[in-house]
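This report describes the fold of one protein chain, beginning with a pair of strands and moving on to the interior. Please keep the structure in view while reading.

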Amino acid sequence: MTAAEQSSDWKDLELERLYLDFAGEHLNPLWTQLGDLMPMVPTARALPFVWRWSKLYPLAARAGDLVPVGRGGERRAIALANPGLGGVPYATPTLWAAIQYLGPKEVAPEHRHSQNAFRFVLEGEGVWTVVNGDPVAMRRGDFLLTPGWHFHGHHNETDQPMAWLDGLDIPFAHYMDTGFFEFGSDTVTDDATPDVSRAERLWSHPGLRPLVGLETTASSPIAAYRWEHTDRALTEQLALEDEGCPATVEPGHAAVRYTNPTNGGDVMPTIRAEFHRLREGTRTRPRRNVGSAVYQVFEGTARFRLGNDVHTVHQGDLITVPSWTELSIESQSPLDLFVFSDAPIMERLHLSRSLTVEGA
């Protein structure tokens, strides 16, 4: 063996010992993993995925027959578990989404947590969510808020079950070690069934702000964003487009963002929520965004192109779009879409980036 070969063998042995000593001291050298830690573009662990409402709802109904609601489990909520995230109950690394199912005359007890939450109602009515003692009716197309650390419970006053979409920032709070939880009443603190909540009576007047609420709040004080207002706004955008006015984000594509009237920003500090309406035959420009999103088809049929894969989706289906996944949507009928994302987190951390894919 030559001197050079002996030197090489010695270095290999010493390098192996060095790595073992690193491991013994819980150290990890950057040069062995630079590509994983600092990729050229985001490489999401979460996968683009579609959950079918035709599968979700029957499973939720079976759970309704077998799983009680009450202390212990607290909620009959079935979380979307992204297949790229190793079995954790997360739709994306920052977003939690679930189908919550409440049976006839059932009551989900009150609790509160530091995580921010909302409800979006695909269909049905007859359930009230009680947020900090304020009963809020839940009806088709409504978007309802439960900001962090607000006590909340639900009660179903009908003889029919009801299911809805829950969205929270649970994964983000878990990763950041910021979660708190506290039990409240074993029932709800107000079982009244008003058509309009007190929060709406105070805050839901277009362009008008109560002088008793001039302070800026982290989350919107509006308890429910009602479908009739969302529907009217989208209808008018498309009507204005027909009249030649620049009212849509792209041809045939109307969209609104739910906002916090105290600061003009997102409804909650960690979650953005929007509603989109596409005319039949509209195809959105392909885009990539830093940050993740979850869509639910409210009405209609569409083709979602996620990267190189195409999925045909129908009413109720839920679609997860991981960070930097190329997305375009082609409506095969008049199409209504609800979407929520972690965009406020990305923007506040100055990590937000978008790219329109040309020539796609």
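## Strands, loops and core

Strand S6 and strand S7 (residues 134–139) run antiparallel and are joined by six bridges. The model in which they are seen is a predicted one. Within this pairing, Glu125 has Arg139 of S7 as its bridge partner. The two strands make a hairpin with two residues between them, and Asn132 in the turn has a positive phi of about 50°.

S6 has a further partner, strand S9 (residues 152–156), with which it pairs in the antiparallel sense over five bridges. There, Val127 stands opposite Asn156 of S9. Strand S6 itself, residues 125–131, is mostly covered, since six of its seven residues are buried.

### The protein as a whole

The protein has 360 residues, of which 46% count as buried. Its secondary structure consists of seven helices and 22 strands. Along the principal axes, the C-alpha atoms fill a box of roughly 90 × 55 × 45 Å. Among contacts with a separation of 6 or more, 75% are between residues 24 or more positions apart.

### An open sheet

Six strands form an open sheet in the order S2-S3-S10-S5-S8-S12, with antiparallel pairing. Strand S2 (77–79) and strand S12 (224–225) each have a single partner strand and stand at the edges, so one side of each has no neighbour in the sheet. At the S2 edge, three bridges connect S2 with strand S3 (residues 96–102) in the antiparallel sense. One of the residues involved is Ile78, whose bridge partner in S3 is Ile99. Helix H3 (residues 53–66) lies across S2, S3 and strand S10 (162–168), and runs at about 50° to S3.

### Two contrasting loop residues

Which residues does Asp142 touch, leaving out those up to four places away in sequence? They are Arg119, Phe120, Val121, Ala137, Tyr225, Arg226 and Trp227. Asp142 lies in the loop between S7 and strand S8 (143–146). With a relative accessible area of 1%, Asp142 is buried, because a residue counts as buried under 20%. The side chain of Asp142 makes a polar contact with the side chain of Arg226, at 2.5 Å. In addition, a polar atom of the Asp142 side chain lies 3.0 Å from the backbone nitrogen of Trp227.

Is Glu280 buried or exposed? Its relative accessible area is 56%, and Glu280 is therefore exposed, the cut-off being over 50%. Glu280 is found in the loop between strand S14 (272–278) and strand S15 (287–289). Not counting residues up to four places away in sequence, Glu280 touches Ser331, Gln332, Ser333 and Pro334. Between the C-alpha atoms of Glu280 and His205, which are 75 residues apart along the chain, the separation is 32 Å.

### Aromatic pairs

The structure holds 22 aromatic pairs. Two of them are set out below.

| Pair | Arrangement | Centre to centre | Angle between planes |
|---|---|---|---|
| Phe49 and Trp51 | edge-to-face | 4.8 Å | 65° |
| Phe118 and Phe143 | tilted | 5.3 Å | 50° |

The pair of Phe118 and Phe143 links distant parts of the chain: Phe118 is in strand S5 (residues 117–120) and Phe143 is in strand S8, 25 residues apart. Both Phe118 and Phe143 are buried. In the other pair, Phe49 is partly exposed, with a relative accessible area of 31%, whereas Trp51 is buried, with a value of 12%.

Ring pairs also build a cluster that links Phe118, Phe120, Phe143, Tyr225, Trp227, Tyr258, Phe275, Phe298, Phe338 and Phe340.

### The nonpolar cores

Which members of the largest nonpolar core touch the most other members? Of its 36 residues, these are Phe118, Phe143, Phe275, Phe338 and Phe340. Leaving aside neighbours within four places in sequence, the contacts of Phe118 include Phe143, Leu144, Leu145, Leu165, Met268, Ile271, Phe338 and Phe340. A second, separate core has 16 residues, among them Ala302, Leu335, Leu337 and Val339.

Key. Residues numbered from 1 in each chain as written. Predicted model: local features only at pLDDT ≥ 70, side-chain atom pairs only at ≥ 80, totals over all residues. Heavy atoms only, no water. Pairing = 2+ DSSP bridges. Helix = DSSP H or I, 4+ residues; strand = E, 2+ residues; numbered from the N terminus. Contact = heavy atoms within 4.5 Å. Axes fitted to C-alpha atoms, helices over the stretch in contact; angles between N-to-C directions. Buried < 20%, exposed > 50% of the residue type's maximum accessible area, 1.4 Å probe, protein only. Polar contact = N/O pair within 3.5 Å; in protein donor to acceptor, adjacent residues only side chain to side chain. Core = buried A, V, L, I, M, F, W, Y, C linked by side-chain atoms within 4.5 Å. Phe/Tyr/Trp six-rings, centres within 6.5 Å; stacked < 30°, edge-to-face > 60°.
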